[in-house]
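Trainee: I am new to this structure and would like a guided look. Could you take me through it step by step?

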Amino acid sequence: MDWTPVIDSFAGLGPFVVYVGLSLGMIALYAAVYMLATAHDELGQIRRGNPAAAIAFAGSLIGYTLPLAVAAQHSTTLLVFLVWGVVAIVVQVAIYWFFRLLMLRDVSVRIDRGEVAAGILLAAASLAGGIVDAAAMGL
């Protein structure tokens, strides 16, 4: 049996580990920045069993991770990947603030009260923004 194709496939293991590690770090950074930027306490609300907070935060995480994945796929260097990861953080935080300014000014209060509709709507805005952000990065 020829093991060459299997052995050759491990050639990409190093870059894989680096990009996954950096991605996890960027996701952690995003979560910290996003939680500081919002007017509600996501983790506190989630720990208290607030589904609206969990839905909104999950939507923002996915909305961030979509463009981060595209950045990993299309970046030619680690620095380019990190720069686009930071751009995606800025975009997601801007989505929250534009949503709060233009659509539902009291979204954080509603999420604190556990209003699932507000959490779903914010999650949808985060996902929509993330999809557009990812598509624009892939150009």
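Trainee: Which residues in α4 do Y19, S23, M26, I27, Y30, A31, Y34 and M35 in α2 meet?

Mentor: Happy to help, and please keep in mind that this is a predicted model. A residue counts as meeting another when their heavy atoms lie within 4.5 Å. On that basis, the α4 partners of those α2 residues are F57, S60, L61, Y64, T65, L68 and A72.

Trainee: How many nonpolar, polar and charged residues does the contact of α2 with α4 have?

Mentor: Sorting the residues of this contact by class gives no charged ones. The rest divide into two groups: 12 nonpolar and 3 polar.

Trainee: At what angle do helix α2 and helix α4 pack?

Mentor: Let us place the two helices before giving the value: α2 covers residues 13-37 and α4 covers residues 51-74. Their axes are 10 Å apart, and their crossing is right-handed. The packing angle is about 140°.

Trainee: Which element gives the most to the nonpolar patch on the surface?

Mentor: Start with the members of the patch: M1, W3, V6, I7, F10, L13, F16, V17, V20 and L24, which together have about 1100 Å² of accessible area. Two or more residues come from each of α1 (4-9) and α2. V20, for example, has its place in helix α2. With 5 residues, the element that gives the most is α2.

Trainee: Now for another part of the chain. Leaving aside its neighbours within four places in sequence, which residues is A125 in contact with?

Mentor: First find A125 in helix α7, which runs over residues 116-137. Its C-alpha atom is separated by 9.3 Å from that of A56, although A125 and A56 are 69 residues apart along the chain. Once the neighbours within four places are set aside, the contacts of A125 are I95 and F99.

Trainee: To finish, what does the C-alpha trace of the chain span along its principal axes?

Mentor: Let us step back to the whole chain, which has 7 helices and 0 strands. Read along the sequence, its pattern is α-α-α-α-α-α-α. Along the principal axes, the C-alpha trace spans about 60 × 30 × 20 Å.

Methods: Residues are numbered from 1 along each chain as its sequence is written. This is a predicted model: local features need pLDDT of at least 70, side-chain atom pairs count only at pLDDT 80 or more; totals for chains, interfaces and linings use all residues. Side-chain values use heavy atoms; hydrogens and water are left out. Axes are lines fitted to C-alpha atoms, for helices over the stretch in contact, and angles run from 0 to 180 degrees between N-to-C directions. Helices (H or I, at least four residues) and strands (E, at least two) are DSSP runs, numbered from the N terminus. A crossing is left-handed if the near helix is turned anticlockwise from the far one by less than a right angle, and right-handed if clockwise. Ala, Val, Leu, Ile, Met, Phe, Trp, Tyr, Cys and Pro count as nonpolar, Asp, Glu, Lys and Arg as charged, and the others, Gly among them, as polar. Patches are made of residues with over 30% relative accessible area and no salt bridge: like charges are joined within 9 Å, nonpolar side chains (Val, Leu, Ile, Met, Phe, Trp, Tyr) within 5 Å. Accessible areas come from the Shrake-Rupley method with a 1.4 Å probe; for residues, only the protein chains shown count as cover. A salt bridge is a side-chain nitrogen of Lys or Arg within 4 Å of a carboxyl oxygen of Asp or Glu.
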